[in-house]
Amino acid sequence: YVVSMFWLSWQLSLAAITLYTLLSVGLSVLIRRVREASFDVPQANGKLSSTAIQFINGIRTIKGSATENFERRRFSEASNDVIKTEDRVASISALVYPLADAIASTILIFMVVIAFNLFISQGNLQTSSLLTFMFVLFRMMPLVSQVNSLRENFSRFQGSIDNIKQLLRSEDKPYLKNGILKFKGLKQNISFASVDFSYETNNLVLQNMNFSIEKGKVTAFVGSSGAGKSTLVDLIPRFYDPKKGLILLDGKDLKHFDINSVRQKMAIVSQDTFIFNASVKENIAYGVEEINEEEIWQAAQLAHAVEFIQELPDGLNTILGDRGVRLSGGQRQRIAIARALLRNPDILILDEATSALDSVTEQLIQESLEKLSRGRTVIAIAHRLSTISKADKIVVLEQGRIVEQGGYQDLLTKKGELWKYHQRQYKLS
């Protein structure tokens, strides 16, 4: 009888071990498939979010083009992708819990067989030992299930975790190393010495830039679209670093200066004006501490923004909405100019700052900018030559190269590239 019982328990143990092995392998395969499927989820969600943001930002273009049905189909496709990927992960995950329970049950059988063997070998098993064994067994079962659940949950979010890791990686991104020198204001000039720049390794956007921007002078950049004007100006506040050559502030490498100390001495007004979802007052006084309302009105007056601000429901306290939706393009640009004026910058960068204004308002703001420019270093980009005709220096760019530089009238006399632009704009023969 004893031999038969040992043989039976041995067979049961082998069966339990075999079943446990098979279930464990199956569980590992399932968890690996959950992990693989999880990488598709953040991609599908990102595509859906991108589609929704584009739809909202481009609503005027969509309405004006009557492409609502096209956008509806595009949004539906993105939504279905999210549903499919989530369903795939959920369906695989649903198999994990029953399999984990099966493993737990197999362990239970295995432990009971062991207990039975002990009982046979010892002749009897004390009640206290049996109760202790059963207590440990039943306490261990939920832990086994919990460990398997944690494995499944971790695998399910592995795709999102991997995306975050890619975002936080530093070795594959062009991080700018900050300098230690504090920039206290321009004393002489900004110099470009044989500067090359490219967004991609083998495609130079700027080549052999050699020129200087003198303190207290207005330096303007002219050129056709894609000539590299905005890219060139973006190097000055160090949004990017040149691939070759040096940018010098008063003879010192720009890279040696603390980035924030340089940018705090600058104000940038671009053609792509950003307005915060805040009040007019907060938008004009953005980033400026300890400012009073009178100074805000003075900046608004210089930017010729007082008239339309007074017409708003709550004046300076009017909330302008997301990206300044309550304002026209010209009004948004005047708010941005007022913001720049209030900062009282040492260096003023104007990237098509009056491009969204009508001719009358442009003339008024141009007069204000001329007053503001006195004794200040101004860097201007313009397509309209009328806005830079009084600049101290003109730099003409073509295909990422400087083709000529000098005074406005001097360059017209030479009948080079600036003269050609002048001819086209003023239709002179």
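These legends describe close-up views of a predicted model.

**View 1. The whole chain, as an orientation for the views that follow.**
The secondary structure of the protein chain comprises 15 helices and 10 strands. The chain has 429 residues, and 41% of them are buried. Consider contacts with a separation of 6 or more: 72% of these link residues 24 or more positions apart.

**View 2. The four-stranded sheet, an open sheet with antiparallel pairing.**
The strand order is 2-1-4-5. Strand 2 (203–214) and strand 5 (252–253) are the edge strands. Each has a single partner strand, so one side of each lacks a neighbour in the sheet.

**View 3. The hairpin of strand 1 and strand 2.**
Strand 1 covers residues 189–200. Eight bridges tie strand 1 to strand 2, and the two run antiparallel. Two residues lie between the strands. Glu-200 has Asn-203 in strand 2 as its bridge partner.

**View 4. Strand 1 beside strand 4.**
These strands also pair, with five bridges between them. They run antiparallel. Phe-192 is bridged to Ile-247 in strand 4.

**View 5. The hairpin of strand 4 and strand 5.**
Strand 4 spans residues 244–249. Strand 4 pairs with strand 5 over two bridges, in the antiparallel sense. Leu-249 sits opposite Lys-252 in strand 5. Two residues separate the strands of this hairpin. Asp-250 has a positive phi here, near 55°.

**View 6. The six-stranded sheet, open and with mixed pairing.**
Read across the sheet, the strand order is 6-7-8-3-9-10. Strand 6 (266–270) and strand 10 (401–406) stand at the edges. Each of the two has a single partner strand, so one side of each is left without a neighbour in the sheet. On average, neighbouring strands of this sheet are turned by 15° against each other, direction ignored.

**View 7. The strand 10 edge of the six-stranded sheet, with helix 15 across it.**
Strand 9 (residues 393–398) and strand 10 are joined by five bridges. They run antiparallel. Ile-394 faces Gly-406 in strand 10. Helix 15 (residues 417–426) lies across strand 3 (218–223), strand 9 and strand 10. Helix 15 runs at about 90° to strand 9.

**View 8. Helix 12 packed on the six-stranded sheet.**
Helix 12 is formed by residues 329–343 and touches strand 6 and strand 7 (347–351). The direction of helix 12 makes about 170° with that of strand 6. Does length fit a regular rise, and what is the span of the 15 residues of helix 12 at 1.5 Å a residue? They should span 21 Å. The end C-alpha atoms are 22 Å apart, which agrees. Asn-344 follows helix 12 and has a positive phi, near 50°.

**View 9. Burial along helix 12.**
Of the 15 residues of helix 12, 12 are buried, so the helix is largely enclosed by the rest of the structure. Among the buried residues are Gln-331, Arg-334, Ile-335, Ile-337 and Arg-339. Ala-336, Ala-338 and Ala-340 are buried as well.

**View 10. The contact between helix 10 and helix 12.**
Helix 10 (residues 293–302) packs against helix 12 at an angle of about 125°. Their axes are 8 Å apart. The angle makes helix 10 oblique to helix 12. The crossing is right-handed. Helix 10 contributes Glu-295, Ile-296, Ala-299, Ala-300 and Leu-302. These meet Ala-338, Leu-341 and Leu-342 in helix 12. All three of these helix 12 residues are buried. An α-helix has 3.6 residues a turn, so residues three or four places apart point the same way.

**View 11. Val-269 and Ile-349.**
Val-269 belongs to strand 6. Val-269 has a relative accessible area of 1%, so this residue is buried. Along the sequence, Val-269 and Ile-349 are 80 residues apart. In space, they are 6.2 Å apart, C-alpha to C-alpha.

**View 12. Val-89 and Val-34.**
Val-89 is in helix 4 (residues 68–122). Its relative accessibility is 1%, so Val-89 counts as buried. Val-34 is 55 residues away from Val-89 along the chain. Their C-alpha atoms are separated by 5.8 Å.

How values were computed:
Residues numbered from 1 in each chain as written. Predicted model: local features only at pLDDT ≥ 70, side-chain atom pairs only at ≥ 80, totals over all residues. Heavy atoms only, no water. Pairing = 2+ DSSP bridges. Axes fitted to C-alpha atoms, helices over the stretch in contact; angles between N-to-C directions. Contact = heavy atoms within 4.5 Å. Expected span 1.5 Å × (residues − 1). Buried < 20%, exposed > 50% of the residue type's maximum accessible area, 1.4 Å probe, protein only. Parallel < 35°, antiparallel > 145°, perpendicular 65-115°, else oblique. Left-handed = near helix turned anticlockwise from the far one by under 90°.
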